[in-house]
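Visitor: I would like to be walked through this structure one site at a time, with the reasoning spelled out.
Guide: Gladly; let us have it in front of us before we begin.

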Amino acid sequence: MRFIIYFIACIALALSSCKNENNPSQSEKVRNMIAASKLAQDAHSYSRPNEIRVKHLTWNARVDFDKKIIEATAIYELQHLAPADEVVLDVKALNITSVQVDDIEVKYAVSEEKPFIGASLTIPVKRDSKQIAISYNTTEGAEALLWMEGEQPFLFTQSQAVLARTWIPCQDSPGVRITYDATVKVSPGLMALMSATNPTEKTVDGVYHFKMDQPISTYLMALAVGDVSFRSLGNRTGVYATKDLIDVSAKEFEDMQAMLEAAEKLYGPYAWGRYDVLVLPAAFPFGGMENPRLTFATPTILAGDKSLVSLIAHELAHSWSGNLVTNSTWDDFWLNEGFTVYFEERIMEEVYGREYSEMLALLNKQDLERSVEEISAINADDTKLKLTLVNRNPDDGMTDIAYNKGYFFLRLCEEQVGREKWDDFLKKYFSEHAFQVMDTERFLDYLRKNLASERIEEKVNIEEWVYKPGIPSNIPIVNSNRMELAKSSATKFAQNGDTKAIRWSEWSYQEKVAFLTNMPAPNLMQIKQLDKSFSISSTKNNEVLFAWLDLAIITEYKEAYPQLEEFLIRVGRRKFVAPLYERLISTNQKDIAKEIYQKARPNYHSVTINTIDEMIK
Ligand code: BES
Ligand code: ZN
């Protein structure tokens with residue numbers, strides 16, 4: 001309690017002496033105060049950041065492809081916020097070799113490992129200790145890492161939600177922000193990249209230096225190593241990819257600079273300097289990951305016609321929602337993802353027009369409705385925006401609820417208060433909370449206060465949207481004639497087998513997906529007919545291919561099975577592969593699922609493996 005009063009007094013003092021915002025040293029003081037503000041208890045971290053907080057990381061690492069380990073030292077500067085005799089970090093599957101406090105070796109303790117959250121690393125310190133240095137190496141159990149051998153060696157990390165601790169000991173809670181610099185040694189011929197200032201050329205000696213001067217959460221720590229090259233796309237944007245993909249990637253992402261400018265026009269200046277994208281191997285378990293300054297992306301969005309670039313808009317939007325204003329714990333995940341889907345849609349509307357973005361929104365709505373149905377059958381509480389993930393894998397909260405229920409809640413707010421006022425509100429929200437944490441309750445408070453004059457409380461049933469399960473009845477209506485037509489042509493085709501109403505070659509990918517996912521009772525004859533008429537099996541759009549392969553499984557369209565197998569082995573993106581295995585299992589084809597998985601598993605990242613292992617036990 002005393003600490004809280006002291007802290008409030010400090011903030012008040014700093015704010016009162018900071019009337020002049022142009023005085024940098026004063027506003028710096030306020031920033032420091034905010035940075036030291038009390039954090040919520042995080043069920044997914046052992047750390048105690050309200051006592052001692054790590055501030056700056058100096059990371060020296062050597063990447064060893066032969067042994068598949070990273071050998072490193074992590075040096076942290078400490079900030080003492082309350083009396084404490086030890087500092088606690090999160091670790092998982094790390095082999096710690098020594099710990100020093102202010103250059104003196106100390107005895108440390110690593111607790112027994114628990115599922116998901118791993119172990120605590122407890123280091124004794126004095127009240128004025130300044131620095132801790134941890135020497136360690138990663139092990140085979142480093143779930144963040146995927147090592148790819150062969151002709152094209154590649155290593156990448158995926159830290160969100162709680163995997164940063166498997167390659168760097170850290171206070172691994174989203175509320176804790178650190179700055180960092182790093183020196184990474186890799187084999188000559190490879191380039192190393194991080195969520196920081198990055199090289200654009202390979203060095204002769206394989207040594208690379210990185211700097212991240214803006215405080216970021218540890219789930220945004222990222223490293224990739226591979227034989228990649230860089231291509232500039234605009235004065236602040238560019239792309240990294242392997243030789244075989246650099247040309248197509250540069251073409252696919254040519255609108256990136258326009259997206260960045262559209263985003264800034266909407267919600268204020270981009271805070272991170274450059275925005276680049278790294279195209280990863282297809283084993284990457286996600287579509288994209290918003291690592292600051294360098295989004296990691298799956299190559300499955302390279303459709304050849306820019307049709308899947310909304311994913312880039314999404315990761316770019318995280319530069320505000322998530323990376324600037326960050327969910328306090330994973331229970332508030334919707335603050336990261338719901339805002340980002342909303343922002344993504346707005347960027348898409350700016351760059352490609354409303355008709356186009358409404359087609360995307362319609363797919364969001366369909367996904368939401370289907371997910372709510374599925375999740376409700378298991379645990380209706382998981383369809384609330386505010387989650388309770390204590391003692392659970394934070395991954396359990398990674399559903400369409402956070403993304404799309406979050407999106408429609410914010411869209412409803414926009415529609416009720418009007419776009420102009422809503423945009424002013426969001427712009428102010430991002431600028432006033434930059435580099436801070438946010439939880440659901442503080443956001444709702446801010447929303448109610450700032451939009452009281454718009455009578456937000458009367459117009460939007462906030463409590464129901466955030467704290468109740470299911471979809472409230474006032475969910476916004478999505479207007480898309482084109483999507484409705486695509487859906488109704490699916491019904492018609494089912495009735496009379498007539499393909500005339502199907503304008504396949506004129507359709508956007510969204511219309512194609514709407515058609516394929518709304519076939520009333522697909523049968524083998526129809527699938528054969530569709531493939532014959534439109535060669536759907538040879539589509540270059542992986543969202544369409546995914547919907548198609550799902551239909552192939554349902555109808556046991558065996559001609560497509562070699563392709564299904566090839567896809568499941570080459571691609572590790574969980575959003576695609578998990579539902580396909582699931583479909584095989586639910587349609588009595590588990591033996592096929594098992595057979596393919598046996599071949600595919602060695603190529604998958606732990607995130608995907610953990611999910612599929614559960615299904616194919
Ligand atoms: N930050 C997420 C990915 C993530 C979330 C990783 C939670 C681990 C835990 C990223 O921004 C994301 O949402 N990716 C989506 C793409 C998007 C367009 C919805 C994906 O990977 O499919
Ligand atoms: Zn996201």
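**A guided reading of the model**

Guide: The buried residues of H5 are Ser310, Leu311, Ile312, Ala313, His314, Glu315, Leu316 and Ala317. Please keep in mind that the model is predicted.

Visitor: How many of the residues of H5 are buried?
Guide: Burial here means a relative accessible area under 20%. The helix is mostly covered, and the residues that meet the cut-off include His314 and Glu315. The count for H5 is eight of its eight residues.

Visitor: Which residues provide the protein donors of the zinc ion (ligand 2)?
Guide: The donor atoms from the protein lie 2.0 to 2.8 Å from the zinc ion (ligand 2), and in sequence their residues follow the spacing H-x3-H-x18-E. The histidines each give an NE2 atom, while the glutamate is listed with OE twice. The donor residues are therefore, in the order of that spacing, His314, His318 and Glu337.

Visitor: How far apart in sequence are the parts that His318 and Glu337 tie together?
Guide: His318 lies in the loop between helix H5 (310-317) and strand S20 (325-327), whereas Glu337 belongs to helix H6 (residues 333-352). Both His318 and Glu337 are buried. Because they sit in these separate elements, the pair ties together parts whose separation in sequence is 19 residues.

Visitor: What is the geometry of the site of the zinc ion (ligand 2)?
Guide: For six octahedral donors the ideal angles are 90 or 180 degrees. The site of the zinc ion (ligand 2) has six donor atoms, with angles among them of 52 to 159°. Its geometry is classed as irregular.

Visitor: At what angle do H6 and H8 pack?
Guide: Glu337, one of the zinc donors, is also among the residues of H6 that meet helix H8 (residues 400-417), alongside others including Trp334 and Tyr342, and the H8 side includes Tyr403, Tyr407 and Leu410. The residues of this contact divide into ten nonpolar, three polar and five charged. The crossing is right-handed, and the axes, 7 Å apart, pack at an angle of about 60°.

Visitor: Within what distance do the axes of H13 and H14 come?
Guide: Helix H13 (residues 481-496) and helix H14 (residues 509-516) cross at roughly 35°, and the crossing is right-handed. Met483, Ala486 and Phe493 are among the H13 residues that meet H14, where the partners include Ala514 and Phe515. By class, the contact has six nonpolar, two polar and three charged residues. The axes come within 8 Å.

Visitor: Is Pro199 buried or exposed?
Guide: Pro199 is found in the loop between strand S12 (191-194) and strand S13 (207-217). Leaving aside neighbours within four places in sequence, Pro199 is in contact with residues including Leu193, Tyr208, Phe210 and Tyr240. With a relative accessible area of 15%, against a cut-off of under 20%, Pro199 is buried.

Visitor: What is the phi of Asp103?
Guide: Most residues other than glycine have a negative phi. Asp103, in the loop between strand S4 (94-101) and strand S5 (104-105), is exposed, with a relative accessible area of 63%. Although Asp103 is not a glycine, its phi is positive, at about 70°.

Visitor: Which residues does the cis peptide bond join?
Guide: Most peptide bonds are trans. Here there is a bond with omega of about 0°, and Ala161 lies in the loop between strand S10 (154-157) and strand S11 (177-185). The cis bond joins Gln160 and Ala161.

Notes. Residues numbered from 1 in each chain as written. Chains lettered and ligands numbered in written order. Predicted model: local features only at pLDDT ≥ 70, side-chain atom pairs only at ≥ 80, totals over all residues. Heavy atoms only, no water. Helix = DSSP H or I, 4+ residues; strand = E, 2+ residues; numbered from the N terminus. Buried < 20%, exposed > 50% of the residue type's maximum accessible area, 1.4 Å probe, protein only. Contact = heavy atoms within 4.5 Å. Donors = N, O, S within 2.8 Å, 3.2 Å for Na, K, Ca; no water. Tetrahedral: all angles 85-135°; square planar, octahedral: opposite > 155°, others 65-115°. Axes fitted to C-alpha atoms, helices over the stretch in contact; angles between N-to-C directions. Left-handed = near helix turned anticlockwise from the far one by under 90°. Nonpolar A, V, L, I, M, F, W, Y, C, P; charged D, E, K, R; others polar.
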